[in-house]
Amino acid sequence: MQFLYLLISTLVVIADQGLKFYINNSFHLGEVHQLIPGILSLTYVQNNGAAWNLLSGQMWLFYCISIVAIGVCLYFLFNSKYKNVCFDIGISLVLGGIIGNFIDRLHLKYVIDMLQLDFINFNIFNIADSAITIGVILVFIYLLFFEGKKQ
């Protein structure tokens, strides 16, 4: 089963890096293209911090956090104590998202963000960020509704 979860992580990384490659090679920094008018745009920005550009320029810290987080995700994926589809998919999404942003930080020294919600004032984000967010939500669902109950 772990193969399936690692495949999910790999697909997240491929989708994330593929879109980032397209944006980096097709857009100028700050360029905006509407995908769904009033709902979603592609906007090329570079983020050298964490969410909301926190801790801008602290790459060494993000390297350390990423390496530890990847190790923790792998531990949970391969530990038989934590076998629940909701939990494992959540961890897989988080792992793929961490790796996707880690790749950017390693070779670019910043993260490419491009997804902009036009109907709300929210930060521009990427597929990796979305995968991390959805994964964390799934882990919380597991913790709230499934942990400790018979599988």
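Which residue lies over the face of F62, and at what distance from the ring centre? I looked this up before anything else. R105 lies there, 4.5 Å from the ring centre. I note for the record that the model is predicted.

**Entry: aromatic pairs**

I searched the whole structure for paired rings and got 6 aromatic pairs. I began with Y22 and F27. Their rings meet edge-to-face, with 5.9 Å between centres and 75° between planes. I then checked how far each partner is covered. Y22 has a relative accessible area of 44%, so I list Y22 as partly exposed. F27 comes out at 8%, so F27 goes down as buried.

My next pair was F87 with Y142. The centres are 4.8 Å apart and the planes stand at 55°, so I class this pair as tilted. I asked where the two partners sit. F87 belongs to helix 3 (residues 85-108), while Y142 belongs to helix 4 (residues 127-145). The pair therefore ties together parts that are 55 residues apart in sequence. F87 and Y142 are both buried. I followed the ring pairs outward from there. They link F87 and Y142 with Y75 and F76 into a cluster.

**Entry: salt bridges**

How many salt bridges does the structure hold? I found 3.

I took D16 and K20 to start. Their side chains meet at 2.8 Å, N to O. Both residues lie in helix 1 (residues 2-26), 4 residues apart, which is about one turn of the helix. Residues three or four places apart on an α-helix point the same way, because there are 3.6 residues a turn. Are D16 and K20 buried or exposed? D16 has 1% relative accessibility, so D16 counts as buried. K20 has 2%, so K20 counts as buried too.

K20 has a further partner, D104. The closest N and O atoms of K20 and D104 are 3.0 Å apart. This pair links distant parts of the chain, with K20 in helix 1, D104 in helix 3, and their positions 84 residues apart in sequence. D104 is buried, as is K20. I therefore drew D16, K20 and D104 as one network of salt bridges, with K20 buried at 2% relative accessibility.

The remaining entry on my list was K83 with D88. Their closest N and O atoms are 3.3 Å apart. K83 is partly exposed at 31% relative accessibility. D88 is buried at 2%.

**Entry: nonpolar cores**

I turned to the largest nonpolar core, which has 17 residues. Which members touch the most other members? They are I70, C73, L77, F87, I91, L95 and I98. Helix 2 (59-78), helix 3 and helix 4 are the elements giving two or more residues to this core. Helix 3 gives the most, with 7 residues. F87, met above in the tilted pair with Y142, is thus on both of my lists.

I listed the contacts of L77, leaving out residues up to four places away in sequence. L77 touches Q2, Y5, L6, K83, D88, I91, S92 and L95. K83 and D88 in that list are also salt-bridge partners. Apart from the largest core lies another, of 11 residues, among them I23, L42, Y44 and L115.

**Entry: helix 1**

I compared the expected and modelled lengths of helix 1. At 1.5 Å a residue, its 25 residues should span 36 Å, and the end C-alpha atoms are 36 Å apart, which agrees.

Which residues of helix 1 are buried? My list reads Y5, S9, V12, V13, D16, Q17, L19, K20 and I23. I then asked what covers them. The cover includes strand 2 (40-47), helix 2, helix 3, strand 3 (111-117) and helix 4.

**Entry: I103**

I closed with I103, which has its place in helix 3. I103 is partly exposed, at 28% relative accessibility. Leaving aside neighbours within four places in sequence, I103 is in contact with V13 and Q17. V13 and Q17 are among the buried residues of helix 1. I also took the distance from I103 to Y63. They are 40 residues apart in sequence and 10.0 Å apart in space, C-alpha to C-alpha.

Terms used. Residues are numbered from 1 along each chain as its sequence is written. This is a predicted model: local features need pLDDT of at least 70, side-chain atom pairs count only at pLDDT 80 or more; totals for chains, interfaces and linings use all residues. Side-chain values use heavy atoms; hydrogens and water are left out. Rings of Phe, Tyr and Trp (its six-membered ring) pair if their centres lie within 6.5 Å; planes under 30 degrees apart count as stacked, over 60 as edge-to-face and the rest as tilted. Buried means under 20% relative accessible area, exposed over 50%, partly exposed in between (1.4 Å probe, protein chains only). A charge sits over a ring if NZ of Lys or CZ of Arg is within 6 Å of the ring centre and within 35 degrees of the ring normal. A salt bridge is a side-chain nitrogen of Lys or Arg within 4 Å of a carboxyl oxygen of Asp or Glu. A nonpolar core is a set of buried Ala, Val, Leu, Ile, Met, Phe, Trp, Tyr and Cys residues joined through side-chain atoms within 4.5 Å. Contact means heavy atoms within 4.5 Å. The expected span of a helix is 1.5 Å times one less than its number of residues.
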